[in-house]
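Take a moment with the sequence and the model below. Then follow the text from one residue out to the whole chain.

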Amino acid sequence: MVEIAREAVFGSLSTIFKIAVIVIPLMVAMQLLKDYKILDRFADTLRPITDFFGMSKQASFPLLIGLVFGISYGAGAIVQSSREGSLTKRDITLVVLFLVNCHAVIEDTLVFVAVGANGFILLGSRLLAAVILTYVMSKWLDRTDPQFK
């Protein structure tokens, strides 16, 4: 019984350490990228994706934030952008749908790889699901409510 408890404690601590080694440097790096406006340049690279889904250019920043930082931070970026009036209802709907399926791709993938998952399969399946569902929703919005803004 003591051996099981010891294995549980040390196994858990080992996993927490592996996660911390990945997450803490990522969080520091992302904050620096944000502070030095480098994320703004990365957001421009998402322009083909936002065009593909029929989103405005302004949707690329919350999309990028959610992809890199996660759903909570992405939601904060969505709320802030919508308060500023830079996102349409369509943008918000499609960004949220995409991020529900595919958020924090770097952090989540690295964390799951650290505990034994195949990162390519994990990342690929998440991206594929997000792209398919968001594309279908964008076309459905076009068909059912072309004025949805």
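Start at Ser60, which sits in helix H4. This is a predicted model, so read each position as a prediction. Is Ser60 buried or exposed? Ser60 counts as buried, because its relative accessibility is 4% and the cut-off for buried is under 20%. What does Ser60 touch, leaving aside residues up to four places away in sequence? Its partners are Ala43, Leu46 and Thr50. Ala43 belongs to the stretch 38–45, which is helix H2.

Now step back to the chain. How many helices and strands does the protein chain have? There are eight helices and zero strands. Read along the sequence, the pattern is α-α-α-α-α-α-α-α. The C-alpha trace spans about 65 × 35 × 25 Å along its principal axes.

Helix H1 covers residues 2–35, and Val9 lies in it. Val9 is partly exposed, because its relative accessibility is 46%. Pick out Val68 as well. The two are 59 residues apart in sequence, and their C-alpha atoms are 31 Å apart in space. Gly11 is also found in helix H1. Its relative accessible area is 28%, so Gly11 is partly exposed too. From Gly11, look across to Asp91. These residues are 80 positions apart along the chain, and 43 Å separates their C-alpha atoms.

Next come two loops. Most residues other than glycine have a negative phi. Which way does phi go at Lys37? Phi of Lys37 is positive, near 60°, and Lys37 is not a glycine. Lys37 lies in the loop between H1 and helix H2 (38–45). Ala104 also has a positive phi, about 50°, without being a glycine. Ala104 lies in the loop between helix H6 (89–101) and helix H7 (105–114).

The surroundings of these two loop residues can be read from their accessibility. Lys37 counts as exposed, because its relative accessibility is 53% and the cut-off for exposed is over 50%. Ala104 is buried, because its relative accessible area is 4%.

Turn to the empty space. A probe the size of a water molecule, rolled over the atoms, shows where such space is left. The largest pocket holds about 150 Å³. Which elements give two or more residues to its lining? They are helix H4 (60–69) and helix H5 (71–83). H5 gives the most, with five residues. The lining residues include Phe61, Ile65, Tyr73, Gly76, Ala77 and Gln80. Lys34, Ser81, Glu84 and Ser86 also line the pocket.

Finish with the chain as a whole. What share of its 149 residues is buried? Buried residues make up 32%. Ser60 and Ala104 are among the buried ones. The accessible surface comes to about 9,200 Å². Carbon and sulfur atoms account for 69% of that surface.

Contacts tell how the sequence folds back on itself. Take the contacts with a separation of 6 or more. Residues 24 or more positions apart account for 66% of them. Charges come last. The protein chain carries 14 positive and 12 negative charges. How far apart are their mean positions? The distance between the two mean positions is 5 Å.

Notes
Residues numbered from 1 in each chain as written. Predicted model: local features only at pLDDT ≥ 70, side-chain atom pairs only at ≥ 80, totals over all residues. Heavy atoms only, no water. Helix = DSSP H or I, 4+ residues; strand = E, 2+ residues; numbered from the N terminus. Buried < 20%, exposed > 50% of the residue type's maximum accessible area, 1.4 Å probe, protein only. Contact = heavy atoms within 4.5 Å. Areas by Shrake-Rupley, 256 points an atom, 1.4 Å probe, with all protein chains shown as cover. Lys, Arg positive; Asp, Glu negative; His and termini not counted. Charge placed at Lys NZ, Arg CZ, Asp CG, Glu CD. 1 Å grid on protein atoms, 1.4 Å probe; cavity = no way out; pocket = protein on both sides within 12 Å on 5 of 7 lines; lining within 4 Å. Points joined across faces, edges and corners; volume = space filled by probe spheres on them.
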